[in-house]
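Hello,

Here is the structure I promised to pass on. Please open it first, then read my notes below.

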Amino acid sequence: MASLESAKQPSLPWCEGGLPSCDIGLEIDGAGRIELPLRPAGFRKLCEIATQAPYGKGTETIIDTSVRNTLEVDGEMVTYSHEFADAIQDAVKWVAEQLQLDVQRLRVDLYKLLIYTKGGFFLPHRDSEKRPGMVATMIVVLPSSFGGGELCVNHQLLRHVFLFDQASGNIQPQFAAFFADCQHEVHRVTSGVRVCLAFNLILDPQRKESKDDPGMTADPELMRHLRDWMHYRPSDPLVFALEHQYTEAGLKSSLLKGADKELLRHIATAADTLDCHLHLGQVSRHLTQFADEGCFYNERRRYRGYDSDWSGDYKDLTIGETYDDEIVIDGWKDADGEPVRFAGLACQTSQLISAAPVEDWKPTRQDYEGYTGNAGNTLERWYHKSAIVIWPRAQHYKIIADMGLEFAVGELLRMRDKRVDGDEADRDQANVDCQRLAEMIIDHWPNRQHVRSVSDQQGEPWLQQFAMKLPTIVFGPEVCSIFSPVGDSGLEHQSRPMCRGVD
């Protein structure tokens, strides 16, 4: 959608700069003062106190020098001069401006002092959310003679290499800051010792009295496209992929980064004007396609064998027919970051609006299965994106039913139990809402007729619960006839009835 470009303020997901030459006054508990530029005596002091740095793999923390060969000192053991601290604060203010972060809420937290000796490196990775509200990382490389050790940062189709030539030339400290979801790596140090301070950049919670500009109007082109979509496909939610990937804790309006924050402002304004629900969520795409590494059948069989693993470059694969393309939205939250009780919702690629075309998304994981004699020649890829999702309020119960009958039935029972709260007008509205959701459930109900045994019912307790409570819900007898008793052995599932009103 072209209007997305006008609804966003473009910016790079990183920035860099130099710090003024000053007395850094670096001191470490147990090692004392470390003179900079680093000398052999200071290096020996560091090595006495430092430990091998681990890395995160899923929920585990692992030490593996084939992935990360780095020494570290915990930030709580490190202090520096007031003059250097002021220089860090000035740099943070500049970073906030460049990365479009709220400088009033942004604070800096020293995480680690990192030491890369000759041969040290860190393979491509993404930083975990080490503190609540962490949005970015800032690396300050201290003056010390070293070669190599470049920091390479990637985000979507963008790539940048930070050289730190002033720091490696013993001239002045240099810093680089980048959003935490950016993939990055430290190239191998070829000589000397690279010493740096790693800071977490954290956004404190937004004050309740802080509000968006009340006079903001929706982008006209965005509004035109949204109106067209709502006219032709009103029951299909629109999914706006964000540029950055957010963790479960970080997916909230107050922690959105750069252009994502501005995009949310425009979409929220448009959604309010068009009477739409707006939620945040996580998009997961699982794509399965035919793929081949370019070998004929007899060559593959002779060269690889049936059970050998393929370890080539995925870029060399020839992609063919698509077998399956499943996209699901879950991890639902409201704009303030509060969890929402929704189930997974399937969607199509045509519903995804993204600055980068969907086919250009980078997979978070991919597996290739070559020919095995029975099956194979398939490439499976998984993609993940955080997103803003909107749909018309008038279609809300249709969307609830699209999330699956089990969830929709549970939601109907929950709404039924809450009808007693509130005054008469609230109860009347609650009855209307229950009626609307019941109609959507009926519309989604499988058109079949058969008898289930008791053992079948036990496998679907939500279905049995629905059958037991249905007569007490506010619907007419036609709705209640979805289920009718069949002796003691089970319940008869009848064809979808018509819903003709409320008793």
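**Helix α3 and what surrounds it**

Glutamine 100 comes just after helix α3 and takes a positive phi of about 60°. Keep in mind that this is a predicted model.

Now the helix itself. α3 covers residues 82-98, which is 17 residues. From first C-alpha to last, α3 reaches 25 Å, close to the 24 Å expected at 1.5 Å a residue. Its buried residues are Phe84, Ala87, Ile88, Ala91, Val92, Val95 and Ala96. An α-helix has 3.6 residues a turn, so residues three or four places apart point the same way. Several strands help to cover the buried residues of α3, including β1 (14-18), β10 (106-116) and β12 (134-141). β16 (174-179) and β19 (194-203) are also among them.

Take one residue of this helix. Alanine 87 sits in α3. Is alanine 87 buried or exposed? Its relative accessible area is 8%, under the 20% cut-off, so alanine 87 counts as buried. Leaving aside neighbours within four places in sequence, alanine 87 is in contact with Leu19 and Pro20. Glycine 18 is 69 residues from alanine 87 in sequence, yet 9.8 Å from it in space, C-alpha to C-alpha.

**An open sheet**

Next, look at the sheet of 5 strands. The order is β7-β11-β17-β14-β15, the sheet is open, and the pairing is antiparallel. Which strands are at the edges? They are β7 (68-69) and β15 (158-162), and each pairs on one side only.

Strand β17 (residues 183-186) is worth following. 2 bridges join β17 to β11 (residues 121-125), and the two strands run antiparallel. In these strands, histidine 125 stands opposite histidine 184 of β17. Phenylalanine 122 has valine 186 of β17 as its bridge partner. How many bridges join β14 to β17? There are 4, with β14 (residues 151-155) and β17 running antiparallel. Leucine 151 also stands opposite valine 186 in β17. Valine 186 therefore faces phenylalanine 122 and leucine 151.

**Two crossing helices**

Then find helix α5 (residues 220-232) and helix α6 (residues 258-273). Their axes come within 10 Å and cross at roughly 50°. That angle makes α5 oblique to α6. From α5, the contact is made by Leu222, Met223, Leu226 and Arg227. From α6, His266, Ile267, Ala270 and Thr273 take part. The crossing of α5 and α6 is right-handed.

**Helix α9 and arginine 341**

Last stop. Helix α9 covers residues 405-417 and has 13 residues. From first C-alpha to last, α9 reaches 18 Å, close to the 18 Å expected at 1.5 Å a residue. Its buried residues are Leu405, Phe407, Ala408, Val409, Glu411, Leu412, Leu413, Met415 and Arg416.

Where does arginine 341 lie? Arginine 341 is in the loop between β22 (318-333) and β23 (345-346). With 52% relative accessibility, over the 50% cut-off, arginine 341 counts as exposed. Not counting residues up to four places away in sequence, arginine 341 touches Phe407, Glu411 and Arg414. Phe407 and Glu411 are among the buried residues of α9. Aspartate 330 is 11 residues from arginine 341 in sequence and 9.9 Å from it in space, C-alpha to C-alpha.

Best wishes

Methods:
Residues numbered from 1 in each chain as written. Predicted model: local features only at pLDDT ≥ 70, side-chain atom pairs only at ≥ 80, totals over all residues. Heavy atoms only, no water. Expected span 1.5 Å × (residues − 1). Buried < 20%, exposed > 50% of the residue type's maximum accessible area, 1.4 Å probe, protein only. Contact = heavy atoms within 4.5 Å. Pairing = 2+ DSSP bridges. Axes fitted to C-alpha atoms, helices over the stretch in contact; angles between N-to-C directions. Parallel < 35°, antiparallel > 145°, perpendicular 65-115°, else oblique. Left-handed = near helix turned anticlockwise from the far one by under 90°.
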